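User: I would like to learn how to read the features of a folded chain from its coordinates, one feature at a time. Could you take me through this one?

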Amino acid sequence: MGTTTIQRQPLSYWLSEHPSIVGFRWSHSQSWGSTWSFLFSSIATYITVSIFLHLFLALFRRSHRPVPLGPIPAIHSLAMSLLSVVIFVGILLSTASEIRDTRWFWRRSKTPFQWLLCFPLGTRPSGRVFFWSYVFYLSRFLHLLRTFFTILRRRKLTFFQLFNQSILLCMSFLWLEFSQSFQVLAILSTTLAYSVVYGYRFWTAIGLPSACFPFVVNCQVMLLGCNLVWHVGVLLLHFLKGGCNGIGAWIFNSVLNGVILLLFLNFYLKMHLKKRKIVAVEDDPSTIHACSALEAKREMEKTEEKKDL
């Protein structure tokens, strides 16, 4: 009977019903990278190596030519895009299964969407949803490689870049440590955005034409907007439905998200205050580059059309 079920629904089994997923439990003794000391030492190492690499290249490499990385950035982008797709599908299927199995416990006080925003008090970090939250947390370490690629390409290393990556790593840890509410929707929206953004980066990295508008920046704006809506939803449900689990971590998370939002909006406004000719495709939230010649050609054609009229 079990073999027949696996044959009929292999994707659902491997992404939501496998014993390792169903029986997952966040534990300091069993889960790799689950201690506070590991988190802080990882962030400190990331910041130290980034600054050292930046200073080393600035002091000992007089040439402004980028360090040749070959296909490594493209491979990284493809891997991150595929990994994001897997996490998105996995947590989507796992959420449906989790709602099906536990709805009897909370259905009188919450709808499934409210459960996604507001975990019942006493929720423990175990089961399908938290397995994929753990995978998402581990994937954050692979995201850190983007900073090193940026430095080796001789681009400017900014405070926002280091702060943003460090805080995102910290927040994904807090989701697991305190069984924080709203993390399911946050992971769904984030992995969906990452699958598109990294897929686009792979597209451009292999030499295919890029968009003539700030594609990655616009994706980031939509992601921040979604997270803002999720945060407001958690706040409302916490006071209207008798409390949400992990609200203390959620408050800290909200403050950090607020700082990131302000920094990003500052960057976004500065980008749009520049001349129209240098509005560019965004490769990283802390850097910009010139738009392709196609946009300039289109602008010239529009100008010529106006002259003819």
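Analyst: What follows takes the features in turn, beginning with the general idea and then the case at hand. This is a predicted model, in which local features need pLDDT of at least 70 and side-chain atom pairs count only at pLDDT 80 or more, while totals for chains, interfaces and linings use all residues. Residues are numbered from 1 along each chain as its sequence is written, and side-chain values use heavy atoms, with hydrogens and water left out.

User: How many helices and strands are there in the protein chain?

Analyst: Helices (H or I, at least four residues) and strands (E, at least two) are DSSP runs, numbered from the N terminus. On that basis the protein chain has 13 helices and zero strands. As for burial, a residue is buried under 20% relative accessible area, exposed over 50% and partly exposed in between, using a 1.4 Å probe on protein chains only; by this measure 47% of the 309 residues of the protein chain count as buried.

User: Which residues of H8 are buried?

Analyst: Helix H8, residues 145-152, is mostly covered, with seven of its eight residues buried. Those residues are Arg 146, Thr 147, Phe 148, Phe 149, Thr 150, Ile 151 and Leu 152. After H8 comes Arg 154, which has a positive phi near 65 degrees.

User: How should I read empty space inside the model, and what volume does the largest cavity have?

Analyst: Rolling a probe the size of a water molecule over the atoms shows where empty space is left. Here a cavity is a set of points, on a 1 Å grid over the protein atoms alone, where a 1.4 Å probe fits but cannot get out, and its lining residues have an atom within 4 Å of a point. Grid points are joined across faces, edges and corners, and the volume is the space filled by probe spheres set on the points. By this rule there is one cavity of 30 Å³ or more, and the largest cavity has a volume of about 470 Å³. Its lining is made of 31 residues, of which Arg 140, Leu 168, Tyr 194, Gln 220 and Leu 223 are the closest to the centre.

User: Which elements give two or more residues to that lining, and how do the lining residues divide by character?

Analyst: The elements are helix H7 (128-143), helix H9 (159-177), helix H10 (183-205), helix H11 (215-240) and helix H12 (247-273), and H9 provides the largest share, eight residues. For character, Ala, Val, Leu, Ile, Met, Phe, Trp, Tyr, Cys and Pro count as nonpolar, Asp, Glu, Lys and Arg as charged, and the others, Gly among them, as polar. The lining then divides into 17 nonpolar, ten polar and four charged residues.

User: How is a pair of aromatic rings described, and how many aromatic pairs does the structure hold?

Analyst: Such a pair is described by the distance of the centres and the angle of the planes. Rings of Phe, Tyr and Trp (its six-membered ring) pair if their centres lie within 6.5 Å, and planes under 30 degrees apart count as stacked, over 60 as edge-to-face and the rest as tilted. The structure holds 26 aromatic pairs. One of them joins Tyr 137 and Phe 141, which are edge-to-face, 5.5 Å centre to centre with 75 degrees between the planes. Both residues lie in helix H7, four residues apart, about one turn of the helix, and both Tyr 137 and Phe 141 are buried.

User: What is a disulfide, and which cysteines form a disulfide here?

Analyst: A disulfide is a covalent bond between the sulfur atoms of two cysteines; in coordinates, it is a pair of cysteine sulfur atoms within 2.5 Å. The structure holds one disulfide, formed by Cys 118 and Cys 244 with their sulfur atoms 1.9 Å apart. The pair links distant parts of the chain, 126 residues apart, with Cys 118 in the loop between helix H6 (112-117) and H7, and Cys 244 in the loop between H11 and H12. The torsion about the S-S bond of Cys 118 and Cys 244 is about -110 degrees, so the disulfide is left-handed. Cys 118 is buried at 0% relative accessibility, and Cys 244 is buried at 2%.

Terms used. 1 Å grid on protein atoms, 1.4 Å probe; cavity = no way out; pocket = protein on both sides within 12 Å on 5 of 7 lines; lining within 4 Å.
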